[in-house]
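This report covers selected helices and their packing, followed by the surroundings of one residue.

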Amino acid sequence: MSTQPIAYRIDLSEATSHRFLVSLQFTPADTSTTLSLPVWIPGSYLVREFARHLNKLQASQTGRACNITQVDKATWTVACQPGKTVTVQYEVYAFDTSVRAAYLDANRGFINNTSLCLRVHGQEMQSHHLHIEQLPKDWDVATAMRPLPAARKLGKPSKSTRSFQADSYDELLDHPLELGTFWRRQFIARGVPHEFVVAGAAPSADLERLVRDTQRICITEIDFWHGRKKPAFDRYVFMLNVVDDGYGGLEHRNSTALICSRRDLPRLDQKESSDGYVTLLGLISHEYFHTWNVKRLKPREFAPYDYSQENYTRMLWFFEGFTSYFDDAVLLRAGLINAQTYLKLVNKTLNQVLATPGRHMQSVAQASFDAWLRLYRPDENTANTTVSYYSKGALVALALDLSLRTLNNTNSSASKASLAGVMRRLWALQRPIEEADVAQALQDEAGGPPVGHADHADWQSLLTHWVHGTDDMPLQSLLQQMGVQWELAQASLSQRLGVRLKETPQGLQVSAVMRGSPAEAAGLAAGDELLALDGWRLKRPDDWQTLMGTPSLKPLLVSRDQRILSLSLPILDKAPTAWCHLVNLSMPKATGPSLKRRKGWLGC
Ligand code: ZN
C-alpha cells in the first residue's frame, strides 16, 4: 500500500465564473481505485448531493487517459496501474452563500472540503495535502488546518499558493477555509491560541468588542468542561461572513463558519447589546460548545461518519438541544447578559414549543431520527406534525437541570447537582455515547432517584418519558420551585385563531394553519390571501387586529387560486385556548429555598 500523501490543488483562476479547478493526485494500490464525494456535511443533517456541482471529471496516468466508470450519483472508479501517480481533474461550481457548501467569486471564496475533495477509497487514513493556487494578490487564507511545512519542496514558495495538511480524509473534511480580504485578530483563551476572522463587515462595526466578548465565551466554556485547565485542542478559528441578511453556523473540530446580518454587529458608537447581537453571541457560544458536544463527545452512530448516506441518530435532542440550552446559559455565566435577559431567552424557547401543535405528535427522539427528512425542509404543515429537537431539546435540558437543582436542599449528598455536572461526567467517559449513558450520568450526578416526579422511580424512566413521549413536561412547577413566576401571556389574535400570516406586496397571506384551530375550522388554508374582514379591506397586520372588534362570527373574504371565497371567522375573546397558551416568565421577590435555588441557577 502506498504511503504517498494524497494531494489536492485548488486553482482559483476561474473565480468570476464561480468554478474551483481541482486536481487530485494519488498513488493507486490496485488496478482500480474508487473515488467519491460526500453527500452530506456533518453538523447539517440533510443529503445535499454536493456531486451535482462536480463537472468535467477526467483522469490520467503516465500521460495517458484512464477509463472512468460512474458507479452511482457520487462515486466513480478509475482504471489504473498500481504504484504510479494518477492525476484526476475536475471542476466544482461554487455559488452557495451558506456555511454548508462552497462559494467563489472575484471578492471572496469559502471552501468546505466536503464540496471539493473526492475521497480516495482505501487511503482515507493517509496524510492529505491541500494547495490553494492562483490566490489573487491581496487575498489571504484562514483555516484551522495546519500549514504544510514541506511546501518548500514544491519548488520556490509562491505568494499565490498556500499549502495545508490533514492527517486523514476525515480531518481534511472538518477544516473549512475562508479566502479573500478579511479582518483578523488573534487572542488566547486558557493558553490556547484562537483567531477571529471577519469578512464583509461595515466600517462602523465594533469588531474589537466582538472579539473581546467571544474571548469571554471561550474562557467560560473551557472552564465549564475542564475547570481552569487547558483544553484538549490546540488552536481554534472563528470565521464570520457578514452579509446584508443572513444567519447560520456550522461546527467543526477546530473552527466554526458563521453568517450574520450587518445590522446584528455592534456599532462603534453603541454601548448596549441589541437583540440581534445577543443572538449572534448565542450562535458563537453554540458553535463553540459543539467543539466538545458533538465533535468530540459524539453519538455512537457518528463514530465514524458515513459520508455516503444519511447517518441516523435518535440523540440530536442531546447534541443540538442541550447545546442550545447551554449556549445562552454561557452568556449569562460570562456576564454578557443579565438574568432578566437570560430568562427572556428561556421564555422565547418555551413559547416556541408551546406554539407548536406538533409537539403532541412527534417526540424529540423521533424528530432527531427524522432530521434528514423534515428539519431542513419546513413547509406549511411542519408546526402541526413535528417538533424541533433544538427548542424542545433545550427544554428537556432545562427540565433536567431544574430537577437536579431542586434536589439541592432535599438531598445533602447532591448539594451541587446540575446538568453541567452531567455533561462533565459524560465527557469523562472519553468515548461515543448513547441514551443510557445520559441516564446513568443523571443518576450519578443526582446520587439518587428523581424527586417530585411521581411515576418515575429512576432517571432512565423520566428521560424516556420526556425524550420519547409527547406530553408537556412539568416546567411550570419546576420553574416555580426556582422562584420563577409562570403566568399566561396575552397571545396575539393570529395566535389565538391558530394562523400564521406573512406580509406580501399585495397584503396579508396565510403561511400556516394550526391543527385543531378556529382558523382551520373556518376553512382557511395556507396560501390564502386575506382580502377583507367584515366588509373592510385587509392590507397590513395591524388592520387584522384593529378590525376584529367584539367576539362574534365575522365574514372573511379570501382569494385562493384566483377564486374569491367567503368564509366565516369566529372572533374570540382573550381567554387562552387549547392550541394557544403562551406564557410569561418573571422573577418576583423570592425567599427561602426557592431564592437559594434561583441564585444557584440565575445568580440572583
Ligand atoms: Zn448546533
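In this predicted model, the buried residues of α11 pack against four helices, α5 (316–333), α9 (391–406), α10 (419–429) and α12 (459–468). The buried residues of α11 are E435, D437, V438, A439, A441, L442, E445 and A446. Helix α11 itself spans residues 435–446, which makes 12 residues. From first C-alpha to last, α11 reaches 17 Å, close to the 16 Å expected at 1.5 Å a residue. Just after α11, G447 adopts a positive phi of about 70°.

Two of the helices that α11 packs against, α9 and α12, also pack against each other, at an angle of about 150° and with their axes 11 Å apart. The angle is over 145°, so α9 and α12 count as roughly antiparallel. The crossing of α9 past α12 is right-handed. The residues that make this contact are listed by helix below.

| Helix | Residues in the α9–α12 contact |
|---|---|
| α9 | K392, V396, A399, L400, S403, L404 |
| α12 | W459, L463, W466, V467 |

By class, the residues of the contact of α9 with α12 comprise eight nonpolar, one polar and one charged.

Elsewhere, L602 lies in helix α17 (residues 592–602). Its relative accessibility is 5%, under the 20% cut-off, so L602 counts as buried. Neighbours within four places in sequence set aside, L602 contacts L332, A339, Y342, L343, V484 and M587. R537, by comparison, is 65 residues from L602 in sequence and 48 Å from L602 in space, C-alpha to C-alpha.

Key: Residues are numbered from 1 along each chain as its sequence is written. This is a predicted model: local features need pLDDT of at least 70, side-chain atom pairs count only at pLDDT 80 or more; totals for chains, interfaces and linings use all residues. Side-chain values use heavy atoms; hydrogens and water are left out. The expected span of a helix is 1.5 Å times one less than its number of residues. Buried means under 20% relative accessible area, exposed over 50%, partly exposed in between (1.4 Å probe, protein chains only). Contact means heavy atoms within 4.5 Å. Axes are lines fitted to C-alpha atoms, for helices over the stretch in contact, and angles run from 0 to 180 degrees between N-to-C directions. Angles under 35 degrees count as roughly parallel, over 145 as roughly antiparallel, 65 to 115 as roughly perpendicular and the rest as oblique. A crossing is left-handed if the near helix is turned anticlockwise from the far one by less than a right angle, and right-handed if clockwise. Ala, Val, Leu, Ile, Met, Phe, Trp, Tyr, Cys and Pro count as nonpolar, Asp, Glu, Lys and Arg as charged, and the others, Gly among them, as polar.
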